[in-house]
Amino acid sequence: MDSITSKLAEYARSATFDELTSEAVHAAVQRLIDSLGCAVGAHDCEPALIGRRLSSGQTPGRYAGRVLCFGDQLPAEAATFINSAMIRNFDFNDRYPGGHPSDCLGALLALAALRRLTANIFLPV
């Protein structure tokens, strides 16, 4: 791992919720709600249905993931693909100039559900 990647990884690993600004928390909550709304709206989109069909019957294995809207437990990469397909299908996620910061949410949400991770992001700041 190069030094820049190592520094970024260490920063991300050691950061705590209390160190985030209220603006950062607000932006993250917006992206999360926006992405979840897109996923719900596109739960039956063709790319997600194809992903579910291709992955049906697969054993979750060591790194299981959960599919949004359906609860399927699949290999993490399959759940990530399906979640991301639903989030990105309408291309309405993120109101951010120059990119889609929520592109990682398909994977994070797939992994978080089965690891019973919680967050207090919906509490007032």
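# Asking why: burial, salt bridges and core

Reader: Why is Glu10 called partly exposed?

Author: In this predicted model, the relative accessible area of Glu10 is 39%. Buried requires under 20% and exposed requires over 50%, and 39% lies in between, so Glu10 counts as partly exposed.

Reader: What makes Arg13 count as exposed?

Author: The relative accessibility of Arg13 is 61%, and since the cut-off for exposed is over 50%, Arg13 is therefore placed in the exposed class.

Reader: How do you know that Arg13 forms a salt bridge with Glu10?

Author: The closest N and O atoms of Arg13 and Glu10 are 2.7 Å apart, and because a salt bridge asks for a side-chain nitrogen of Lys or Arg within 4 Å of a carboxyl oxygen of Asp or Glu, the pair qualifies. Both residues lie in helix α1 (residues 3-14), where they are three residues apart, about one turn of the helix.

Reader: What makes Asp72 and Arg52 a salt bridge, and which parts of the chain does the pair link?

Author: For Asp72 and Arg52 the closest N and O atoms are 2.8 Å apart, which is within the 4 Å limit, so the pair is counted as a salt bridge. The pair links distant parts of the chain, with Asp72 in the loop between β1 (64-66) and β2 (73-75) and Arg52 in helix α3, 20 residues apart. Asp72, at 22% relative accessibility, is partly exposed, and Arg52, at 25%, is likewise partly exposed, because neither value is under 20% or over 50%.

Reader: How do you know that the charged end of Arg52 sits over the ring of Phe70?

Author: The charged end of Arg52 is 3.7 Å from the centre of the Phe70 ring, and the distance part of the criterion is within 6 Å, so that part is met. The criterion also asks for a position within 35 degrees of the ring normal, and the charged end of Arg52 is reported as sitting over the ring. Aromatic pairs, by contrast, number zero in a search of the whole structure.

Reader: How many salt bridges does the whole structure hold, and what makes Asp91 and Arg88 one of them?

Author: A search of the whole structure finds four salt bridges. In the pair of Asp91 and Arg88 the closest N and O atoms are 3.2 Å apart, a value within 4 Å, so the pair is included. Arg88 and Asp91 are also linked with Asp103 in a network of salt bridges. Asp91 has a relative accessible area of 44% and Arg88 one of 31%, and both are partly exposed. As a general matter, side chains of opposite charge can pair when their charged atoms come close.

Reader: Why is Ser55 called buried?

Author: Ser55, found in helix α3, has a relative accessible area of 2%, and because buried means under 20%, Ser55 belongs in that class. Leaving aside neighbours within four places in sequence, Ser55 is in contact with Leu74, Ala78 and Ile82. A polar atom of the Ser55 side chain also lies 2.8 Å from the backbone oxygen of Gly51.

Reader: Which residues have the most contacts inside the largest nonpolar core?

Author: The largest nonpolar core has 17 residues, and those with the most contacts inside it are Ala48, Val67, Leu68, Ile82 and Met86. The elements giving two or more residues to this core are α2, α4 (76-88) and α5 (105-114), and α4 gives the most, with six residues. Met86 touches, among others beyond four places in sequence, Cys38, Ala48, Val67, Leu68 and Phe70. In soluble globular proteins, nonpolar side chains tend to be buried together.

Reader: What makes the phi of Cys69 worth a remark, and why is Cys69 called partly exposed?

Author: Phi of Cys69 is near 70 degrees, a positive value in a residue other than glycine. Cys69 is found in the loop between β1 and β2, and its relative accessibility of 45% is neither under 20% nor over 50%, so Cys69 is partly exposed. The C-alpha atoms of Cys69 and Asp44, 25 residues apart along the chain, are separated by 9.6 Å. Asp44 lies in the loop between α2 (22-41) and α3 (46-55) and, at 48% relative accessibility, counts as partly exposed because the exposed class begins over 50%.

Notes
Residues numbered from 1 in each chain as written. Predicted model: local features only at pLDDT ≥ 70, side-chain atom pairs only at ≥ 80, totals over all residues. Heavy atoms only, no water. Helix = DSSP H or I, 4+ residues; strand = E, 2+ residues; numbered from the N terminus. Buried < 20%, exposed > 50% of the residue type's maximum accessible area, 1.4 Å probe, protein only. Core = buried A, V, L, I, M, F, W, Y, C linked by side-chain atoms within 4.5 Å. Contact = heavy atoms within 4.5 Å. Phe/Tyr/Trp six-rings, centres within 6.5 Å; stacked < 30°, edge-to-face > 60°. Polar contact = N/O pair within 3.5 Å; in protein donor to acceptor, adjacent residues only side chain to side chain.
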